[in-house]
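Please take a moment with the sequence and the model below before reading on. The paragraphs that follow begin at a single residue and then widen to the chain as a whole.

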Amino acid sequence: FEMTSYDIATQHLRAVDLRLAPVIDAVGVPKLTMRRDPFDALVSAIVSQQISGKAAAAIKARVAALFPTGRPDPEGLLALSTETPRSAGLSNQKLTYLRDLAGRVASGTLDLAALPSLEDEAVIAQLIQVKGIGRWTGEMYLIFHLGRPDILPVDDLGLRAAVQRLDELPELPKRDYLVPRGEPWRPYRSIATWYLWRSLGVTPPLPSG
């Protein structure tokens, strides 16, 4: 995302969604933190699953400290003894997921360098082959690592809660409501989603740490 793109995106979103416009004005310029290392971004996403942001940050810091560079790498992760990452706070399940990710990247089965050239759905299709990575993680990767501007993560709880509040709905909206609701936001649905997250004071865990 470039600053000029932000300007164009916010102008578009204000024009097409009068309910969203006050949120944009209140929040200000988007600040989407990007993770530049693709493997580190996916490790972060797996570690962060189903735990608080604070707990995830602590575990990621301990895991990073296991590597000389301060950043996990596939070969280094595979070389660690089973007990070492577990002592850093990783569950057996997440350790299994990370080893599957590392093995696929090390063997070339998952070519992270090729992902930027793929369409959004093709990227997700590649990533969900990894144990522990589902569509939501793929969508967060598209937004926060690849900087794709038009992603609408309809299963994201934060997005659903924000739209519920924005539209004064009696319950959390589902896909059949969110997909048409987000159509006017194209081609900046990622930016609209970020504003909606910020309207709740939250952002997903992927870029932190």
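Glu168 counts as exposed, because its relative accessibility is 65% and the cut-off for that class is over 50%. The model is a predicted one, and in it this residue also has a backbone angle that deserves attention: the phi of Glu168 is near 55°, which is a positive value in a residue other than glycine. As for its place in the chain, Glu168 belongs to the loop between helix H10, which covers residues 157-166, and helix H11.

Moving on along the chain, one comes to the loop that lies between helix H11, residues 175-182, and helix H12, and Pro187 is found in this loop. The peptide bond that leads from Arg186 to Pro187 is cis, its omega being near 0°, and a reader who inspects the backbone here may wish to look at that bond directly.

Beyond this loop lies helix H12, and how many of its 11 residues are buried? The helix, which spans residues 189-199, is mostly covered, with nine of the 11 residues buried, a class that requires a relative accessible area under 20%. The buried residues of H12 are Arg189, Ser190, Ile191, Ala192, Thr193, Trp194, Tyr195, Leu196 and Trp197, so that both Trp194 and Trp197 appear in the list together with the charged residue Arg189. After H12 comes Gly201, and the phi of this glycine is positive, near 80°.

Seen as a whole, the protein chain contains 12 helices and zero strands. The radius of gyration of the chain is 18 Å, close to the 17 Å that the globule rule gives for 209 residues, and the chain is therefore as compact as a globular protein of that length. Along the principal axes, the C-alpha atoms fill a box of roughly 55 × 35 × 30 Å. Among contacts in the chain with a separation of 6 or more, 67% are between residues that are 24 or more positions apart.

The covering and the surface of the chain can be described in a similar way. Of the 209 residues in the protein chain, 46% are buried, while the area that the chain exposes is about 10200 Å², with carbon and sulfur atoms supplying 54% of it. As regards charge, the chain has 24 positive and 23 negative charges, and the mean positions of these two sets are 6 Å apart.

Methods
Residues are numbered from 1 along each chain as its sequence is written. This is a predicted model: local features need pLDDT of at least 70, side-chain atom pairs count only at pLDDT 80 or more; totals for chains, interfaces and linings use all residues. Side-chain values use heavy atoms; hydrogens and water are left out. Buried means under 20% relative accessible area, exposed over 50%, partly exposed in between (1.4 Å probe, protein chains only). Helices (H or I, at least four residues) and strands (E, at least two) are DSSP runs, numbered from the N terminus. The radius of gyration is taken over C-alpha atoms; the globule rule is 2.2 Å times the number of residues to the power 0.38. Contact means heavy atoms within 4.5 Å. Accessible areas come from the Shrake-Rupley method with a 1.4 Å probe; for residues, only the protein chains shown count as cover. The place of a charge is taken as NZ of Lys, CZ of Arg, CG of Asp or CD of Glu.
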